[in-house]
Structure formats: C-alpha cells, structure tokens
Amino acid sequence: RLLWHALRHLHVQPNFLREEDLEAGKLKDYKVLYIADWCVARRASAAIDEWVKAGGVVYLSAGAATRDEFYEPYVPPF
C-alpha cells in the first residue's frame, strides 16, 4: 500500500498485474515491475526472468518473490 502511495505521489499511475497476465506475456508493454508480495508462481517467475533478460527492470521489496505458489522457499533467477 505504501509503495502505491509513493508512486502516486510521484505522479505515476501503477497498474496491477495478475500472475496470469505475466504468464501471458503482458509485461512486454512495461518498463518497470514492482513486486511486494512474498509469493510468486514459478511460471510467472520464469516470465519475469525472460522479461528482465530483455531489458525490463524489477523492484523487489524486502522478502518479495522468495516463495512460490505453494509457499515453498524459492529464489527466482531475476
């Protein structure tokens, strides 16, 4: 919530994407991805990793993306 408020204060309108959107390749329209949740599905993580390799930028808050969809410890390549 605080991240959203900080971005709005900077006059940035954040969009919310679901993991299904990431898997469907909708990240190609974005330059920056902010992740604040601990859990990210492994297939979504793979899509994010490919997007980062193509030049995308990811901001991770503390503990973000450190668990998979089953709450198992997982640190994605990005």
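## Salt bridges, core and surface patch

The structure holds 6 salt bridges. The model is predicted. Three of the bridges are set out below, with the N to O distance for each.

| Acidic residue | Basic residue | N to O distance |
|---|---|---|
| Asp21 | Arg18 | 3.7 Å |
| Asp21 | Lys26 | 3.7 Å |
| Asp29 | Lys28 | 3.9 Å |

**The Asp21 network**

Which residues are linked with Asp21 in a network of salt bridges? Arg18 and Lys26 are. The side chain of Asp21 meets that of Arg18, and it also meets that of Lys26.

Is Asp21 buried or exposed? Asp21 has a relative accessible area of 11%. It counts as buried because the cut-off is under 20%. Arg18 is exposed, at 52% relative accessible area. Lys26 has 44% relative accessibility, so it falls in the partly exposed class. The network therefore joins a buried acid to an exposed arginine and a partly exposed lysine.

**The Asp29 pair**

Asp29 and Lys28 meet through their side chains in a salt bridge. Asp29 is exposed, with a relative accessible area of 59%. Lys28 is exposed too, with 67%.

**The nonpolar core**

The largest nonpolar core has 11 residues. Among them are Leu22, Leu27, Leu33, Ile35 and Trp51. Val40, Ala41, Ala44, Ile48, Ala64 and Ala65 also belong to this core. Which elements give two or more residues to it? They are β1 (32-35) and α3 (42-53). The largest share comes from α3, with 3 residues.

Ala64, a member of this core, has contacts beyond its neighbours within four places in sequence. These are with Ile35, Ala36, Asp37 and Trp38. Of these, Ile35 is itself a core residue.

**The surface patch**

Nonpolar side chains also appear on the surface. Val32, Tyr34, Val57 and Tyr59 form a nonpolar patch there. Together they have about 340 Å² of accessible area. The elements that give two or more residues to this patch are β1 and β2 (57-60).

Tyr34 lies in strand β1. Its relative accessible area is 37%, so it is partly exposed. Strand β1 thus has a place in both settings: it gives two or more residues to the core, and two or more to the patch.

Note on methods. Residues numbered from 1 in each chain as written. Predicted model: local features only at pLDDT ≥ 70, side-chain atom pairs only at ≥ 80, totals over all residues. Heavy atoms only, no water. Salt bridge = Lys/Arg side-chain N within 4 Å of Asp/Glu carboxyl O. Buried < 20%, exposed > 50% of the residue type's maximum accessible area, 1.4 Å probe, protein only. Core = buried A, V, L, I, M, F, W, Y, C linked by side-chain atoms within 4.5 Å. Helix = DSSP H or I, 4+ residues; strand = E, 2+ residues; numbered from the N terminus. Contact = heavy atoms within 4.5 Å. Patch = residues over 30% accessible without salt bridge, like charges linked within 9 Å, V, L, I, M, F, W, Y side chains within 5 Å. Areas by Shrake-Rupley, 256 points an atom, 1.4 Å probe, with all protein chains shown as cover.
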